[in-house]
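Opening a fresh page for a structure I have not looked at before. I'll jot things down as I look them up.

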2 protein chains.
Amino acid sequence: MDIKVTLNPNPKAKPTDTSALGFGQIFTDHMFRWTWNSEEGWHNPRIVPFENLSIHPASTVLHYGSEIFEGLKAYRRADGKVQMFRPIENIRRMNNSAERLCLPQMPEEDLMQALVEFVRLEQDWTPSDKGTSLYLRPFMFGNDESLGVHAVHNAEFIIIASPVGSYYKEGLNPVKIMIEDQDVRAVRGGTGYAKCGGNYAASNRAGERAEQQGYSQVLWLDGVERKYIEEVGAMNVMFKINGEIVTPKLTGSILPGITRKSCIEFLKSEGIEVSERLLSVEELAQAMTDGTLEEAWGCGTAAVISPIGELCYKDHKYIINNNEIGELSQHLYDSITGIQWGEVEDKFGWIVEV
Amino acid sequence: MDIKVTLNPNPKAKPTDTSALGFGQIFTDHMFRWTWNSEEGWHNPRIVPFENLSIHPASTVLHYGSEIFEGLKAYRRADGKVQMFRPIENIRRMNNSAERLCLPQMPEEDLMQALVEFVRLEQDWTPSDKGTSLYLRPFMFGNDESLGVHAVHNAEFIIIASPVGSYYKEGLNPVKIMIEDQDVRAVRGGTGYAKCGGNYAASNRAGERAEQQGYSQVLWLDGVERKYIEEVGAMNVMFKINGEIVTPKLTGSILPGITRKSCIEFLKSEGIEVSERLLSVEELAQAMTDGTLEEAWGCGTAAVISPIGELCYKDHKYIINNNEIGELSQHLYDSITGIQWGEVEDKFGWIVEV
Ligand SMILES: Cc1ncc(COP(=O)(O)O)c(C=O)c1O
Ligand SMILES: Cc1ncc(COP(=O)(O)O)c(C=O)c1O
C-alpha cells in the first residue's frame, strides 16, 4: 500500500537523559493513521504529525469500549540499526482482538508495512542506553458518530511511539505481587484473551488496592471457580515447582502473551518443557509452604522477565527464593533480551530489521 | 455551583419530521462539560457549543476502557413543560460505576443541577409527538495523556442530548430474543453492574450473530454456571410464570436498571410482589414447554417495556403468549409511560421538572 507522509514542520528535541524517560509519557513527532468504514474498507494510510485527535462526542470509543491495542518495542543494536521483536505476533493478536470486538480485520502485510515504515521514519527516537527502547502502541477504535449499540461502520487505526526508559534501573529486582480474591478481570467466554480496553478498566480497582498495600501488581484468579492462577496485571506468569516449569494454560480468559510464547519456545530449544496447565492457588500456596516453589516470574513486553520475590494471598505473605532472582529467570532474561538487543544470535527468526 | 454558559452562535434547525429521528443520531446545539484532576477536583463546569472533542492519542479512554455512562430521558408533557424521570437514580448509578472503574465521584447535587440547567437550555429540542423524547447521555472518561495502566489523574464529564423517535412506531410489537450460550457479557466480581464501555464491547459479537438470524437482541446467561438468566443486551427482563412475577436478582453481573426498579416499585404499590431470584434457563424452558410462561418482557429506558414474543435457545424456538403483548406488560407500559409523559399522576415522587 502507498503510505502518504506529511512531515512534522516542528520536530521536538529528543530527550537526552534516558533515565528520566519513564513509560509512555513522551511521544515522537509523528503517528501512523489508517481509516476504515464499511463501504470503502481500509483507506488513506498516512503518516502525519503527532497531534490531538478530533473525536465526535458520540463516538463509539467514548461510550461502548470499542477499542483494542497492542504493545511492542523497537530496540537499538550496538551497530546502530533498529529492530523489532516478533511484530507478526502482535499483528495476529490484534486481528484476534478485533474479531472478538467486531472491529475490522487488517491485512497482515499492510500492517507490517505500516509498522516498518513508521519506525523507520521515527528511528532516531530509539534510545541506545542499556535497557531503553522505543515502545510502539498500535491501537484501533470504533468511531461511529451515533449512540446505537452495534458493530461499528467506522474505525480508526493509529500507531504512536514513545521512547521508554529501562524497567530495571537498579538491576533485576524482584517484585511483590498480591493474589486478588475479590475483583475479577475476565472470564471464559468474555474478552480476557483479547487486548481490549474493558479488561484494563476492570483491573484498576484491585490494582489500586494492592498498590496501597505496597504491592506492585495483582495476580488474577479465574472468574468461574476463583481458584486457578491466571496472569498478573500486565504480564503472564511462570513458576518453577519442584523442577517443573508451569504456566497457566490459555483457557480464553488469559492474554496470550508474546513473551510467554517466546519463553516456552526458547526453553524448548534448550530441551526444557513448559507445562501449560491449570494451576490452583492451593497448589501454589502448598508449594510456597513446603519450599518446592523454586522460582516465580512474570513475563511481558514491558519488563521481559520480572522475578517475583513475594506473593501475598489472604493476608499471608510468602517469600520466594529468598527474594532473589532465580537462575532460570536470569537465564531467560539474558537470552531473550540478548536477542531483542541484537547481542545474541536470533536462531528463531524473531527479529525484523527496519 | 456556577455553570458558565457559552451559547452556540450557529444553532441548527430542529428536526420537524420526528418519525425519522431514530436513536442517538442527531444532537442538540450544546453540551455540558466538567473537568476533574486529582489536584483541583471537579472544576470549570460549563455549557458550550456541541463540537468535536480534542483528545490526546495516548488518552486513557482510547486504550484502557476508562469510561462510564448513563442514559435517561426528558419528556414533553401535554402542557408543554419538560420533565425528567428519576434522574437521581442515574446519578447514583453513575457514581457506583465510577467507584468500580476508579473514576472520580461526583457530588449528587452538582450533577442534578447540571442536568436541570442543561435540559432547561436545550428544552426546545424535546419533541412532542407521541413516544418521542429528548435522550440525555451523561458520560465520563479517564483522560491522562500517558500509557501507564493505573487509576487516572484526569477525567472529563460531559452531557450530550439527542431528540429520539418513538421506539414503537407500529404499536407495542413483541421482539424476538436469542439466548446466548457461547459469549459471556459479565461475571460476578467483574464490571457487569457498572454502566461501563467494556460490558458493551463484550456484547457486540453475540448481538451481531443473533441479528443475522433475525433476533433483535441476546439474553445473557451468568458467566459462572452459564445457567442463570441475567439480562438482555440493553434491558432487564421479567417473566410471569404461573402467576409469579420473576426477575433475575442483582448478583453483581447484571445492570441494576431503573426501569426494572420502577416496575418492581409500581407493582408493589398495586399489591403485586416481584420475586427477585435466580431463574435458570432450564426452569424457563420448562415453563415455555408446559405453557406456564404467561408473559415475558424486557424493561429499559429506551423502550420502557418491550414484550418478548419469541425466545430461541439452542436452536429451539419458543413462542410466548401467542406472540402478542400480555395484559401485565401492557399495564406496566401504560402506567410507567403515563407517569413519564405526565399523563398519570406521579404518586412516587419520580418526576423532576426542569
Ligand atoms: C494482561 C496482560 N497479560 C500479559 C501481557 C504480556 O503480553 P506480551 O508478552 O505480549 O507483552 C500483557 C501485556 O503486555 C498484558 O497486558
Ligand atoms: C445492559 C443493560 N441492562 C439494562 C438496562 C436498563 O436500564 P435502565 O432501565 O436504567 O435504562 C440497560 C440500559 O438502559 C442496559 O444497558
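My notes below go from confidence to symmetry, then salt bridges, then a surface patch.

**Confidence.** First thing to write down: this is a predicted model. I looked up the scores and found ipTM 0.98 and pTM 0.97. For chain A, the average pLDDT is 96, and 99% of the residues score at least 70.

**Symmetry.** How does chain A superpose on chain B? I get a rotation of 180° with 0.0 Å of shift along the axis, at an RMSD of 0.0 Å. That is how a two-fold axis relates its copies. I then checked which C-alpha of chain A sits nearest the axis, and Gly198(A) has it, 1.9 Å away. The two copies use the same surface, since 100% of the contact residues of chain A recur in chain B.

**Salt bridges.** Over all chains I have 40 salt bridges on record here. I picked a few to follow up.

The first one on my list joins Glu99(B) to Arg205(A), with 2.7 Å between the closest N and O atoms. This pair crosses between chains: Glu99(B) belongs to helix α2 (residues 87-101) of chain B, and Arg205(A) to helix α4 (residues 197-212) of chain A. Buried or exposed, I wondered about Arg205(A)? Arg205(A) is buried, because its relative accessible area is 14% and the cut-off for buried is under 20%. Its partner Glu99(B) is partly exposed at 40%.

Next I looked at Glu353(B) and Arg77(B), where the closest N and O atoms are 3.1 Å apart. The two are 276 residues apart in the chain, with Glu353(B) in strand β19 (residues 351-353) and Arg77(B) in the loop between β6 (72-76) and β7 (82-85). Glu353(B) counts as partly exposed at 42%, while Arg77(B) is buried at 15%.

Then came Glu231(B) and Arg185(B), a salt bridge of 3.0 Å from N to O. Glu231(B) lies in strand β12 (residues 229-232) and Arg185(B) in the loop between β10 (175-179) and α4 (197-212), 46 residues apart. I noted that both residues are buried.

I also came across a network of salt bridges that links Glu99(A), Arg100(A), Glu180(B), Asp183(B), Arg205(B) and Arg209(B).

**Surface patch.** Which residues make the nonpolar surface patch of about 250 Å²? I found Val5(A), Leu7(A) and Leu121(A). I looked up Val5(A) a bit further: it is in strand β1 (residues 4-5) of chain A. Val5(A) is partly exposed, with a relative accessible area of 43%, so it clears the patch cut-off of over 30%.

Definitions and conventions. Residues are numbered from 1 along each chain as its sequence is written. Chains are lettered from A and ligands numbered from 1 in the order in which they are written. This is a predicted model: local features need pLDDT of at least 70, side-chain atom pairs count only at pLDDT 80 or more; totals for chains, interfaces and linings use all residues. Side-chain values use heavy atoms; hydrogens and water are left out. Patches are made of residues with over 30% relative accessible area and no salt bridge: like charges are joined within 9 Å, nonpolar side chains (Val, Leu, Ile, Met, Phe, Trp, Tyr) within 5 Å. Accessible areas come from the Shrake-Rupley method with a 1.4 Å probe; for residues, only the protein chains shown count as cover. A salt bridge is a side-chain nitrogen of Lys or Arg within 4 Å of a carboxyl oxygen of Asp or Glu. Helices (H or I, at least four residues) and strands (E, at least two) are DSSP runs, numbered from the N terminus. Buried means under 20% relative accessible area, exposed over 50%, partly exposed in between (1.4 Å probe, protein chains only). pLDDT is the predictor's confidence in each residue, from 0 to 100. Copies are superposed by least squares on the C-alpha atoms of residues with pLDDT of at least 70 in both. Contact means heavy atoms within 4.5 Å.
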